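Please open the structure in a viewer and keep the sequence panel visible. The tour below proceeds by selection, from a pair of strands outwards to the whole chain.

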Amino acid sequence: MRLHVVSDVHGNAWDLAKAGDGADALVCLGDLVLFLDYADHSRGIFPQLFGEANADRIVELRTARRFEEARTFARGLWAELAERGVERATAIESAVRAQYAELFAAFPTPTYATYGNVDIPALWPEYTQEGTTVLDGERVEIGGLVLGFVGGGLPSPMRTPYEIPEEEYAAKVEALGEVDILCSHIPPDVPELTYDTVARRFERGSGALLDAIHRVRPRYALFGHVHQPLVRRMRVGATECVNVGHFASSGTPWALEW
């Protein structure tokens with residue numbers, strides 16, 4: 001059995017269409033939407049609406065962790081857009097829909113997917129095609145092993161679309177029960193796995209995931225979210241914890257065979 005696993009697709013439909021080649025199934029751990037590319041400020045919904053120069057500025061502020069200034073700056077841009085008769089929610093939803101139409105069409109069959117923190121779960125049913133199974137707080141058996149999926153992220157200063165309270169997130173983890181492979185968008189709360197060496201900050205990791213790893217002892221815990229992690233792979237007890245990579249930039253899935 002061979003699985004290919006991707007996370008943080010962020011608009012890379014071209015490589016996503018090939019990500020299942022040679023595998024029995026594809027697993028996608030979320031963040032399909034590209035709102036702003038921190039490596040190429042010309043790409044994403046933000047520069048599409050406000051231009052590359054404004055994208056440069058918002059990245060500068062966020063990288064410096066000046067989040068309140070970044071929010072004030074963004075509010076000003078949205079206000080200018082509103083004066084021209086463009087509603088924020090409508091503009092974002094339209095752009096997200098365009099990306100989802102392309103990305104869901106690129107999924108191979110079969111694909112098992114969960115949400116990332118920048119995704120909008122309410123829109124997924126409209127674009128999910130036959131052959132793609134969406135799971136969140138749910139399990140599936142593939143090739144004799146049980147995979148459990150937990151989507152979304154935890155509250156952060158970035159205030160991304162699918163951040164949920166810790167209690168709700170923990171309940172989804174608890175609902176999985178015994179699994180062989182624990183699949184999530186965010187990592188367990190381990191410093192080496194949550195620190196981004198380029199952004200120079202710790203991203204949110206989940207204590208509930210870490211507790212499940214100690215309690216359930218799955219073979220693997222697979223995740224993404226941290227684009228440039230200090231450590232991509234390490235053991236926690238009996239479990240191999242793996243950041244499957246930033247698919248938007250690599251275009252290469254992580255492979256698992258058994």
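How many bridges join strand 5 to strand 6? Five bridges join these two strands, which run antiparallel. The model is a predicted one, in which local features need pLDDT of at least 70 and side-chain atom pairs count only at pLDDT 80 or more, while totals for chains, interfaces and linings use all residues. Residues are numbered from 1 along each chain as its sequence is written, and side-chain values use heavy atoms, with hydrogens and water left out.

**The hairpin**

Select strand 5 (138-142) and strand 6 (145-150); helices (H or I, at least four residues) and strands (E, at least two) are DSSP runs numbered from the N terminus. Two strands count as paired if DSSP finds at least two bridges between them. Within this pair, valine 140 stands opposite leucine 147. Two residues lie between the strands of the hairpin, and glycine 143 takes a positive phi near 60° there.

Now show the side chains of strand 6. Six of its six residues are buried, so strand 6 is largely enclosed by the rest of the structure; buried means under 20% relative accessible area, exposed over 50%, and partly exposed in between (1.4 Å probe, protein chains only). In a regular strand the side chains alternate between the two faces of the sheet. Here Leu145, Leu147 and Phe149 lie on one side and Val146, Gly148 and Val150 on the other.

**Across to strand 7**

Add strand 7 (181-184). Strand 6 and strand 7 pair in the parallel sense over four bridges. Glycine 148 stands opposite leucine 182, and the bridge partner of phenylalanine 149 is cysteine 183. From strand 7, Ile181 and Cys183 point one way and Leu182 and Ser184 the other, and all are buried.

**The whole sheet**

Extend the selection to the six strands of this open sheet, whose order is 5-6-7-10-12-11 and whose pairing is mixed. Strand 5 and strand 11 (233-236) stand at the edges with a single partner strand each, so one side of each is left without a neighbour in the sheet. Neighbouring strands are turned by 20° against each other on average, direction ignored.

At the strand 11 edge, select strand 12 (residues 239-243) as well: the two pair in the antiparallel sense over four bridges. Arginine 235 stands opposite glutamate 240 of strand 12.

**Helices on the sheet**

Display helix 7 (residues 166-176), which lies across strand 5, strand 6 and strand 7 and runs at about 170° to strand 6. Axes are lines fitted to C-alpha atoms, for helices over the stretch in contact, and angles run from 0 to 180 degrees between N-to-C directions. Next, show helix 9 (residues 207-216), which packs on the sheet and touches strand 7, strand 10 (220-223), strand 11 and strand 12. Its direction makes about 175° with that of strand 7.

**The nonpolar cores**

Which residues have the most contacts inside the largest nonpolar core? They are Val6, Val9, Leu16, Leu32, Tyr100, Tyr169 and Leu182, in a core of 60 residues. A nonpolar core is a set of buried Ala, Val, Leu, Ile, Met, Phe, Trp, Tyr and Cys residues joined through side-chain atoms within 4.5 Å. Helix 5 (residues 88-106) supplies the largest share of this core, eight residues. Apart from it lies another core, of 19 residues, including Tyr112, Leu135, Val140 and Ile181.

**Two buried sites**

Centre on valine 118, in the loop between strand 3 (111-113) and helix 6 (124-127). Valine 118 is buried, with a relative accessible area of 17%. Beyond neighbours within four places in sequence, it is in contact (heavy atoms within 4.5 Å) with His10, Asp31, Val33, Thr160 and Pro161.

Then move to threonine 194, in helix 8 (residues 191-194). Threonine 194 is buried, with a relative accessible area of 2%. The C-alpha atoms of threonine 194 and glycine 205, eleven residues apart along the chain, are separated by 6.1 Å.

**The full chain**

Finally, zoom out. The secondary structure of the protein chain comes to ten helices and 13 strands. Buried residues make up 52% of its 258 residues. Along its principal axes the C-alpha trace spans about 55 × 35 × 30 Å.
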